[in-house]
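Got the viewer open? Let's take a walk through this one, stop by stop, with something to select at each.

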Amino acid sequence: MDLTFLGASGEVTGSCYLLRTDRARVLIDCGMFQGSATADLKNRRPLGIDPATLDAVILTHAHIDHSGRLPLLTKSGFRGKVFCTPPTIPLTELLLKDAAHLQSEEADRMNRRRQRRGGPIATALFDEQDVPPLIKRLTPVTYEHETEVAPGVRVTFHDAGHILGSASLTLTISERGRTVTVVFSGDLGERNTVLLNDPVKLPRADVLVMESTYGDRDHRDLNETVAQFKQIVVNSLHAKGKVLIPAFAIGRTQTIIYYLAQMHREGLLGNAPVYIDSPMAISATRLYHSHANLFDDAAKELLRTGNNPLTLPQLRLSTSGEESRAINAVSGSAIVIAGSGMCTGGRILHHLRHNLWKPETTVIIAGFQAEGSLGRRLVNREKIVKIYGEPIMVRAKIETLGGFSAHAGQTTLVDWFAPLAPSAPRVFLTHGEQKPRQAMAAALNARFGAQPQLPMLGECVEF
Ligand code: ZN
């Protein structure tokens, strides 16, 4: 049997692994490459295997860097099942439809430019019509239930505590009387993340494919971050300005609402309205509600005592563009959560345009901001930024919070590995840039004597 690394090898996006035995071909994740100059090229490159010959796909979680190339499989003849946890199905549908929409817009924009220049026509990687045929193939498997996905390949999903429905995988693979246990960490969450359980630790593996996104560092302390968040919000409400929070629709939005609901219960919020100004974040929050059986004990206890952790009396859901624009007319203090998380598009832009120049405004940056994004410019304290081509003076307070990560820091990653160490697995570190995964390899070596390998894109290993 062998394993080929078809993405997330020396980088964080494009997760995709091909497992082959003498009887089966199974793909683990089929994510999109994102962010880099070569991403589009890599997304369009054939996998090196005819999708029609795959027995099955296993999807660890809904994020686009794990699911974004799945529609290409069904477009190219894949007719098997895609196994995933129950909440991953609607979350994947939400994210893939959004990705299709964004790509069509991007292709249109490029084509307008190319028409003027006379360049070749740009096409989207996939469009909205390509999503339903894939969604039909998504097949739910609950946590901790072993399922045969292909001849001789059985999988168990374990809660990875990263986003709702995220999973680590144990694959039990039989070939010619030999059985091998292959564990995929998937994306691992940080400990004590609200709403979600801590990542499940696993007892043994012969082969381990492990993420290393933050393999070189730990996050800021969560309790300090929460205290800081609450203080910033209280101060902003006193200043009678708007609090703008750019946030990803899945995960970060729910974390923010959780703490705002907590502030409401603590009497810290007054009557200031809280807006979720994003149809996608509203849908995602509803999906979190409808899978409350997967919440951690603290969130379940809140529910049991009649305190829904994901709502508060002054929460307003803004779906239409008209409702969104109406928020500009609200005078006095208000809290607005909107996408996109890095201020690269979406409704947060028009809120920023209307409020960045006002000294009473506060912008809370609570997520990763890529180089070149408007969010990063704000973090870098640029005095004037352009929004829709218009220069806007930044007089608002820009507050950056470091402790709300959806990914485990180095200490949590090392602790997660600890129970696997005695079985001395062959370790492959992926889903991390070169520096973090080298640091992670050094940390695992120092503590356990492990000698992790750092596979490159396209590399194939036999076991
Ligand atoms: Zn993820």
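Before the first stop, one term: donors are N, O and S atoms within 2.8 Å of the metal, or within 3.2 Å for Na, K and Ca, and since water is not among the atoms, a site may look incomplete. Keep in mind too that you're looking at a predicted model.

**Stop 1: the zinc ion**

Select the zinc ion along with His61, His63, His162 and Asp187, its protein donors. The donor atoms are NE2 of His61, ND1 of His63, NE2 of His162 and OD of Asp187, and they sit 2.2 to 2.4 Å from the metal. Along the chain these donors are spaced as H-x1-H-x98-H-x24-D. Now colour by element: histidine 63 belongs to the loop between strand S4 (56-58) and helix H2 (64-67), while aspartate 187 is in the loop between strand S10 (178-184) and strand S11 (207-211), so this pair ties together parts that are 124 residues apart in sequence.

What do the angles between the donors make of the arrangement? The 4 donor atoms subtend angles of 90 to 169° around the zinc ion, so the arrangement counts as irregular. Stay on aspartate 187 for a second: its relative accessibility is 2%, so it counts as buried.

**Stop 2: an enclosed space**

Next, look for hollows. There is 1 cavity of 30 Å³ or more, with a volume of about 90 Å³. To find it, select Ser15, Tyr17, Ser185, Gly186 and Thr430, which are the closest to its centre of the 14 lining residues. Strand S11 gives the most to this lining, with 3 residues. Sorted by class, the lining has 4 nonpolar, 7 polar and 3 charged residues.

**Stop 3: an open pocket**

Now try Asn43, Arg45, Pro46, Leu47 and Leu72. Of the 14 residues lining the second largest pocket, these are the closest to its centre. The pocket holds about 190 Å³ of space. Show helix H1 (39-44) and helix H3 (70-75) as well: these are the elements that give two or more residues to the lining. Here the classes divide into 8 nonpolar, 3 polar and 3 charged.

**Stop 4: two hairpins**

Head to strand S17 (residues 384-387) and turn on the side chains. Which ones are buried, and which are not? Val385 and Ile387 point to one face and are buried, whereas Ile384 and Lys386 point to the other and are not. Add strand S18 (residues 390-393), which pairs with S17 in the antiparallel sense over 4 bridges. Across the pair, lysine 386 has proline 391 as its bridge partner. The hairpin has 2 residues between the strands, and tyrosine 388 takes a positive phi near 50°.

For another hairpin, pick strand S7 (residues 147-150) and strand S8 (residues 153-159), antiparallel over 3 bridges. Alanine 150 stands opposite valine 153. This one also has 2 residues between its strands, and glycine 152 in the turn has a positive phi of about 80°.

**Stop 5: two helices**

Select helix H11 (residues 348-355). Of its 8 residues, 6 are buried, so the helix is largely enclosed by the rest of the structure. Those buried are Ile348, Leu349, His350, His351, Leu352 and Asn355.

Finish in helix H4 (residues 88-117), where you'll find alanine 100. Alanine 100 has 0% relative accessibility, so it counts as buried. Draw a C-alpha to C-alpha distance to aspartate 130: the two are 8.4 Å apart in space and 30 residues apart in sequence.

Methods: Residues numbered from 1 in each chain as written. Predicted model: local features only at pLDDT ≥ 70, side-chain atom pairs only at ≥ 80, totals over all residues. Heavy atoms only, no water. Tetrahedral: all angles 85-135°; square planar, octahedral: opposite > 155°, others 65-115°. Buried < 20%, exposed > 50% of the residue type's maximum accessible area, 1.4 Å probe, protein only. 1 Å grid on protein atoms, 1.4 Å probe; cavity = no way out; pocket = protein on both sides within 12 Å on 5 of 7 lines; lining within 4 Å. Points joined across faces, edges and corners; volume = space filled by probe spheres on them. Nonpolar A, V, L, I, M, F, W, Y, C, P; charged D, E, K, R; others polar. Pairing = 2+ DSSP bridges.
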